[in-house]
Amino acid sequence: MFRAALKTLEVKWKSYRHRFVPWIAINLQKNERTLRQVTARSEDKTVPDVEVFASLVKLFTALMNNDPIKQEVLSLIHTSVQSIYPQNSSKTQTDPVRVMLDTLGFCIGRGPSSLAGTGVFVTEGSVPKGATVAMYPGIHLLSCSGRDRMGPLALSDVSWLTDNPENPLAVGQYVNNCSNEKAANVCYQEFDVPEDVPLELHQYLPNVNYRHDIKRPLRCVVLVSLRDIHCGEELFSNYYTIVH
C-alpha cells in the first residue's frame, strides 16, 4: 500500500513538475531550449498592442453578435444595441468555439498533453505567425465578487473557471512550458486594455481590476504565436525570458 502511494505521488509529480517554478529554475541549465532570450526589452513584445487589440475586439464583437441572451441584457442599458450587434438569424447562441473558428480561422481546446497533465491544442484551422492565440486569466474573479459587474452588465468573464469558457481564448493557464524536445511556439505578452474599448466587451476579459478606483489600464496577458501552428499541434510556451 505504501509503495502504491509513492507510485501515485511520483506520477503526479512527473505530471506537475513542468508547471512548478522552483523545479524549472533548478533545471534551467539542463534545458536551455526552454529559455526565451531577447537582446532588448523592446524585443520582448513581438506583436504591437494595436494588433492584439484588433484581434480581441473582432472576436468579442462576433461573440456578442452570436449571443442573443447577452444582447437582451445589454439592451436594458444600451438602447441602440440591436443596430450595433445584429443577432444571428437563428436567434440562438452559437458555440463560442465555432465563432472563434469562423472569426479568426482557428480554434483551440484542452486535452491530454504530450508533455504533462492537461495541455492546449489547435483543434481546427491554422494559426498564423503573430496571432493572438490565447489569454492568461488574471485575478481569481471569485475573490472580486461585486467588482465584476455594473448593474446587470458583467465587466469580466468568470466562465474561464469552468469547462466551457464564454471566451474560448481564456485557457492560457493550461499551456505547458516547452522542453528541449518540444520547442516553444507561443510566448507571453503583456497587453493594456485601451480605455476606449466598448464597456460591453469587457465581459469577455478574464481579468478585472481589484478596485474600481484604480487609475491605470487593465493589464492582461496574451499568448501570441511565434510561428505558424497547424491543426493538431500542442501549444508550448517559455516560462522564462532572459533579456540581455
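The second largest cavity in this predicted model holds about 50 Å³ of space, and the residues that line this cavity are L63, N66, D67, K70, Q93, T94, P96, V99, E166 and Y204. By class, this lining divides into 4 nonpolar, 3 polar and 3 charged residues.

The largest cavity has a volume of about 80 Å³, and its lining is made up of F53, L56, V57, F60, F191, V193, V197, L201, H202 and L205. Helix α3, which spans residues 49–65, gives the most to this lining, with 4 residues. In total, the count comes to 2 cavities of 30 Å³ or more. The two linings are set out by class below.

| Cavity | Nonpolar | Polar | Charged |
|---|---|---|---|
| Largest cavity | 9 residues | 1 residue | no residues |
| Second largest cavity | 4 residues | 3 residues | 3 residues |

Aromatic contacts form a separate topic. A search of the whole structure finds 2 aromatic pairs. One of them is formed by Y136 and Y188, whose ring centres lie 6.1 Å apart with the planes at 75°, and because planes over 60 degrees apart count as edge-to-face, this pair is placed in that class. The pair links distant parts of the chain, since Y136 belongs to strand β4 (residues 132–136) and Y188 to strand β8 (residues 186–192), with the two positions 52 residues apart in numbering.

How exposed are the two partners of this pair? Y136 has a relative accessible area of 35% and is therefore partly exposed, while Y188, at 22% relative accessibility, also counts as partly exposed, because buried would require a value under 20%.

Notes
Residues are numbered from 1 along each chain as its sequence is written. This is a predicted model: local features need pLDDT of at least 70, side-chain atom pairs count only at pLDDT 80 or more; totals for chains, interfaces and linings use all residues. Side-chain values use heavy atoms; hydrogens and water are left out. On a 1 Å grid over the protein atoms alone, a cavity is a set of points where a 1.4 Å probe fits but cannot get out, and a pocket is an open set with protein on both sides within 12 Å along at least five of seven lines; lining residues have an atom within 4 Å of a point. Grid points are joined across faces, edges and corners, and a volume is the space filled by probe spheres set on the points. Ala, Val, Leu, Ile, Met, Phe, Trp, Tyr, Cys and Pro count as nonpolar, Asp, Glu, Lys and Arg as charged, and the others, Gly among them, as polar. Rings of Phe, Tyr and Trp (its six-membered ring) pair if their centres lie within 6.5 Å; planes under 30 degrees apart count as stacked, over 60 as edge-to-face and the rest as tilted. Buried means under 20% relative accessible area, exposed over 50%, partly exposed in between (1.4 Å probe, protein chains only).
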